[in-house]
Structures are given as C-alpha cells and as structure tokens.
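Dear colleague,

I am handing over the structure we spoke about, and below it you will find my notes on what was found. Please read them with the structure open beside you.

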Amino acid sequence: MNVAQWLAASARLHPDAPALLTGTRVEADYATFAARAAAIGAGLVRDYRIQPGDRVALFMSNCTPYLECLYAVWWIGAAAIPINAKLHGREAAWICDNAGSTFAFVDDDSSKALAAVMEDMPAAMQMLSVESADFHTLQHNDGGTASPLPRDDHDLAWLFYTSGTTGRPKGVMLSHGNLVAMSLCYLADVDSVAQRDAILYAAPISHGAGLYNFIHVRMAARHVIPESGGFDADEVLDLAKALDDVAMFAAPTMVRRLVDAAKNRGEAGEGIRTIVYGGGPMYLADIRDAIAIMGQRFVQIYGQGESPMTITSLPRAWHADVDHPRYLERLASVGVAQSVMAVRITGDAGQPLPAGQTGEIEAKGPAVMLGYWNNPKANEETLRNGWLRTGDVGRLDADGFLTLSDRSKDVIISGGTNIYPREVEEALLTHADVREVSAIGVPDSDWGEIVVACVVLEEGATADDAALDAHCLEVIARFKRPKRYVYLGALPKNNYGKVLKTELREMMKPNTPPSS
Ligand code: AMP
C-alpha cells in the first residue's frame, strides 16, 4: 500500500483534528493537510512533469510545508529524497545528481546554497521554494486526486542518504512496505500513540525524527515544528508544558542537553510523555542521570538507515524495572529485537554465534531496505541471504538483549587483543570531571594500535592523566586503559551529532599535533 493512504484516511475520519503546528499555533487540520498534499502533488505532475517513481528532493529546514511536500510526493506515487538542510550545497547537489532527481523543494536559505553550486546539479534540475508565492498558489490549488496513487509494498518511497561518517553517502532505498513495517513496530515495541499526542520534530525531518511522522499521521496526532525550526532545549521544555502528551526522537547528545536544561530549571520535562533516543551510544551514566532528573520518559531504539529505527528497542518498562537483578546490564543494552525483526550475531566467516559471544550484528525482516540505489557492490557487501550486515559489533544475552560494542571499523586491536572503545568511554564517563569522551585506536610500532582517549572535561574540572588513569584502573581491565589522553574543547561531530572518529584518528596520527 501507499503510506499516503494513512493521511487520506485520517483526513476522512478526523477532518477537524489539528494536524500541523508551528509551536503552539495550528497551521492545518487533517482535512487541510491532505487537501494541500493532493494539490501540491497535482502541481508537481502538471507544472514539473513529475511521474510515478521519480525522485523528488526536499532540501530545507524543518517547517510544516515539509510534511505537506513529503505527502504530495507520495500522493502521486513518486519517491522522496529528504536531504539534511545542514549539508553543504555541494553535498546536496551530489545527492540530487546521484539519485537522478530533477526537482527539489527548498527554502530560501537552501535555494541560495544550491544556486551557488548549479554546475554540480543535474542539468534539468528545477527548484521551488516553499517560501515563494508560487508554492503558496500550488498549496491552495483545488486540484488533486481524492486518493493517493496505489503503490505496492516494494515500491520506492524514501531514498534515505546515509550520514556518511566515512566516504560518500549511499542512497538507502526504503519502500512503502518498509515504512509501514517500521511504523507498526512503533506501536508494538516503542510506544502507544493516540490522537491527542504531539510528535515534536526537534531533529531534522530528513532523518530519524521524520520517520516517526507516519504512525502519528495514521493516528491523526499533532505534528509540531518548534518555532526555532531546530533543537533548543529550553524551547522544547516550554513547548511540552504548553502542548502536553509530547513524544520526540532525540539523539543522545540532545537528551544530554535536555537533561541539563531541565536540571537547571528545577523541572522534570513536564508535558513530555516519551523521548525515543538512539542513533548513537547512550552511555549508562548518562541514561541513569536522565532518569534521575526527568523520570521514566525514555525508550531506546537501535536501527540504521538500512533498517530504519527498527532493529531492537528497549521500552519504558525495562528502564523502570529497577529491581530486576540484571537491571543495569539491560539498561546498558539496546534492548530486544523489534516485533518484525530477527537479530543474530555472526563471526568472521559469517557463521552464527551463540549467546554471549561478540561479533557482527545482522538483522532480517520487513524493515530492511530494498538495497542501495545504483550500488551493486555495496549491496553485495551488505545484504547476504536477506540478512543485513549492520557493520556494528555486539553480543546477545540468553534473554535476547543486545549489547552494542562499536562500529566494526572502530574496534581497537592492541597487542593482538580487541578493545571496544565503548567500554573505555563508559568507564571514563563515570568520572565526575569527564563530560564527553571518545576512545580511538592510533597506530603504534609496539602495540599495533594504542588506545587514545579524547576527553572533554566539565567546565572548571581539573582531572589530569594520573587521575583518569587511576579511575580506569578501578573500573576496567588494565590492558584497556588509554595509553594517552588528549584534552579537547569539543569532539568533532557530523550534522546528526555523531562523533567523527575518523576525524579524531586523523588528528591523532603520529606527528600530527592535537588541536584543541
Ligand atoms: P544512521 O544510519 O545514520 O542512522 O546510523 C546508524 C548507526 O548509528 C548504527 O549502525 C549504529 O552504529 C548507531 N546507532 C543507532 N542506534 C544506536 C543505539 N541505540 N546505540 C548505539 N548506537 C546506535
């Protein structure tokens, strides 16, 4: 089925329900939301010759027209390519070219970014700013079909470009069926959704946060874009109090900032029902702190573009089950396989490994992508008999809880032994002076690689190498201790808040002086 059918159904069943909000201001109810999607879709066909199956780019900051444009694309059977607005114009142009896209929805800022790199764009590229009078006319046209064009489950819906922490991004082909499977898993494994709920887009719609729109459209819930268009912890806390029943997706760095802000205000995130976190490691020390300040509002998911938001989840109940003998172990895990997914661990030769052993995480099920766009080599490397090789390393316990170690390429091999940076990071983060840390392997003539800890200290903190070393000796095996500490003002991160270990490794190469 076409995911846009969910919008059509909500418009029929709950026409007056508030649908799109900027801050607390309602911009459209469900009848209006669907009518605009249909009208914009009709304009795409009539004025821009977009056909079913064509790829339409969306390169703009979060705003309510973003959702209208996404559904316009699906309404007419085309596929969307949401591109993070923080990418450089050149990177966005590369994506449009790679996807063979000939049309992009933009905003005034991103259209300037693209105009500066027109030579990198496909020759036939056309753009329309959602801030223009033309868009306004399109939005309010009467045209459009009453129902979305029928689509099969395996038809392409969303071409999701990976964040590309190494090399060029790859276009992950997500089908309508993938998005429906992912959305139903939300209800089964993440959280319930009711019409009164509000999904808050405090992170880019082009990525994880945007993927949660579907189930909230299905349930005719409210979709809220913060006035700032981005993430501001105080704004989120204020908005949640005004809106109530708020759910949001947040990367661990955002959770950290929310918790700090709530603590400063003497609040607990009132009005926020659920914070779904994932997309990067949530350290045990940080989630315990978050629960202590904000209470039981947290659900963890583990997924990747290739199986969006849907490999495992650690629901609220496991965050709250403090009396369980393995509570902390479970809290440090990414939970259990989501309802439609199978998860296994494999060894170097691809053989399945028993519970307790560490290896590559593989996932299989209807959330797994169709494959990469025009990239048979990457498909061959990543998909094996329907199993998605995640490139993440971890282990399952006897009850099916998955604990993530690291990306396989980040594992440090020192003196012939594997050291998982995450373990070193977890250990250092339990030191009160350490705010953030990333452990990397740096080439060394004696050891092959040594562990180097890149540390960001809390403001005014005075911990030094000796103090951190003494702390590590208390909590992890001697051989895992960093052989070097480097103190930085901030860790390099990409546009999604993921720490760029490749950049750190580059900075720490022997003979390259660390910059702080
Ligand atoms: P992306 O495709 O950009 O969403 O990145 C996916 C990658 O983020 C995964 O392969 C993991 O390495 C990491 N990741 C996602 N969720 C989690 C999580 N809950 N804990 C730790 N790492 C995660």
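Why does Asn178 count as buried or exposed, whichever of the two applies? Please keep in mind that this is a predicted model, and that Asn178 has a relative accessibility of 4%, so this residue counts as buried, the cut-off for that class being under 20%. Asn178 belongs to helix 7, which covers residues 176-190, and, leaving aside residues up to four places away in sequence, Asn178 touches Met173 as well as Pro366, Ala367, Val368, Met369 and Leu370.

The other part of my notes concerns the ligand. There are 17 residues around the ligand, of which Ile301, Gln304, Gly305, Asp392 and Arg407 come nearest. By class, this shell is made up of five nonpolar, nine polar and three charged residues.

As for individual polar atoms, a nitrogen atom of the ligand lies 2.9 Å from a backbone N or O atom of Gly279, and a ligand nitrogen atom is also found 2.9 Å from a side-chain N or O atom of Gln300. On the oxygen side, a polar atom in the side chain of Arg407 is 2.9 Å from an oxygen atom of the ligand. The ligand exposes 500 Å² when taken alone, and the protein buries 89% of that area. Two or more residues of the shell are given by each of strand 13 (298-304) and strand 21 (402-407), with strand 13 providing the largest share, five residues.

With best wishes

Terms used: Residues numbered from 1 in each chain as written. Predicted model: local features only at pLDDT ≥ 70, side-chain atom pairs only at ≥ 80, totals over all residues. Heavy atoms only, no water. Near = heavy atom within 4 Å. Polar contact = N/O pair within 3.5 Å; in protein donor to acceptor, adjacent residues only side chain to side chain. Areas by Shrake-Rupley, 256 points an atom, 1.4 Å probe, with all protein chains shown as cover. Helix = DSSP H or I, 4+ residues; strand = E, 2+ residues; numbered from the N terminus. Nonpolar A, V, L, I, M, F, W, Y, C, P; charged D, E, K, R; others polar. Buried < 20%, exposed > 50% of the residue type's maximum accessible area, 1.4 Å probe, protein only. Contact = heavy atoms within 4.5 Å.
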